[in-house]
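Got a minute to look at a model together? Have a scroll through this one before we start.

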Amino acid sequence: MIDLKSGNSGYGVESEASVCAIVINYFGAELTRNCITSLATEGLQKILLVDNSASDEQRNSLADIVYETQINHADLLIEVINSDENLGFGRAVNAAIVKNEASGFQPSYYLLMHNAAVAAPGLVGKLLLPANSPSQPAQVSPMILWDGVEFCTYWYQPYLGHVSRRPFPGSLTYLSGCCLLADRVLLNEGRLFDERFFMYGEDIALTEHARSMAREIACAGDARVIHEGSATAKVGSDFYEYHVAYGHIILGFILSDGYVQTLFNTIGRCFYLSLRALMRTLRARSLSPALALVRAWRDVVSSRAWSRS
């Protein structure tokens, strides 16, 4: 258990909470090593390490990381879950949670940590202070230092599908999945994320889920993580363009509270995502962004992913 006592935060709470961290690896064992090392002294009860690589080399590297970590931190339980396929982010997190819950360990919170992120000392305790405040937010994020910019929240324009680091009219605040403390009350049938998303967009949907439960989100201004590496998927690649577009389209339905807003969200996305794809096509001198958008619309409609609750 992590024992919190009143401190400089001003919350004045005393609480015990169990925290289980989840880290997803995809051909990034060295980044994962740094991430796990930074978490090893944070008082966690358990770390679930999911390998999406389906690679013997990565599995061996992760086994070495776990062995080296537990030499110095024998009381820290690290469980590696090897997948035979790339599950994406949300499904991998869900698979780890389902397996963990079945083992009988049901922590108060799950800490989601990007494998390219490194925790500054005291991360978990500083995240738990606002989590245990009177408002009891269901999600808490630290300040994230990435490419020389420090931030905590993003904003999402639901009518267009536009992500920004400053608010625009009608934008919704959300917390990034780069590092996120999630209260177990957010679990839906034992899962945290909507599995319609492979990656990109599930963190926005999770924030909307918290709002639907009348639960707040919060930033822990004293907590820090440093994002060390590049994105898992190369920006501009066909993979990236497709999954970003697919996520935006699905979000148009998830963030709608009726037929009228669904219509506005769909029309707005037809315009904005097409403009975005055109600009990215011209910039990259490649048809990949435009073709990926067409495929994303086709797949959403043909699979009726938009109609699932």
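Here come some questions and answers on cores, helix packing and a few loop residues.

This is a predicted model, in which local features need pLDDT of at least 70 and side-chain atom pairs count only at pLDDT 80 or more, while totals for chains, interfaces and linings use all residues. Residues are numbered from 1 along each chain as its sequence is written, and side-chain values use heavy atoms, with hydrogens and water left out.

Q: Which helix gives the most to the largest nonpolar core?
A: A nonpolar core is a set of buried Ala, Val, Leu, Ile, Met, Phe, Trp, Tyr and Cys residues joined through side-chain atoms within 4.5 Å. Buried means under 20% relative accessible area, exposed over 50% and partly exposed in between (1.4 Å probe, protein chains only). The largest one here has 57 residues, with Leu 39, Met 113 and Leu 181 among those with the most contacts inside it. Six of its residues come from the top contributor, helix 6 (residues 238-254).

Q: How many residues does the other core have?
A: This core lies apart from the largest one. Its members include Phe 89, Val 93, Ala 138 and Leu 206, and its size is 28 residues.

Q: Are helix 1 and helix 2 roughly parallel or roughly antiparallel?
A: Helices (H or I, at least four residues) and strands (E, at least two) are DSSP runs, numbered from the N terminus. Axes are lines fitted to C-alpha atoms, for helices over the stretch in contact, with angles from 0 to 180 degrees between N-to-C directions; under 35 degrees counts as roughly parallel, over 145 as roughly antiparallel, 65 to 115 as roughly perpendicular and the rest as oblique. The axes of helix 1 (residues 29-39) and helix 2 (residues 56-72) come within 10 Å and cross at roughly 20°. So the two helices are roughly parallel.

Q: Which residues of helix 1 meet helix 2?
A: Contact means heavy atoms within 4.5 Å. On the helix 2 side, the partners are Gln 58, Ser 61, Leu 62, Ile 65, Glu 68 and Thr 69. From helix 1 come Ala 29, Thr 32, Arg 33 and Ile 36.

Q: What is the phi of Asp 147?
A: Asp 147 is found in the loop between strand 8 (139-146) and strand 9 (149-151). With 71% relative accessibility, Asp 147 counts as exposed. Most residues other than glycine have a negative phi. Asp 147 is not a glycine, yet its phi is positive, at about 55°.

Q: Is Ala 214 buried or exposed?
A: Ala 214 sits in the loop between helix 5 (202-212) and strand 14 (217-227). Its phi is positive too, near 60°. Its relative accessible area is 68%, so Ala 214 is exposed.
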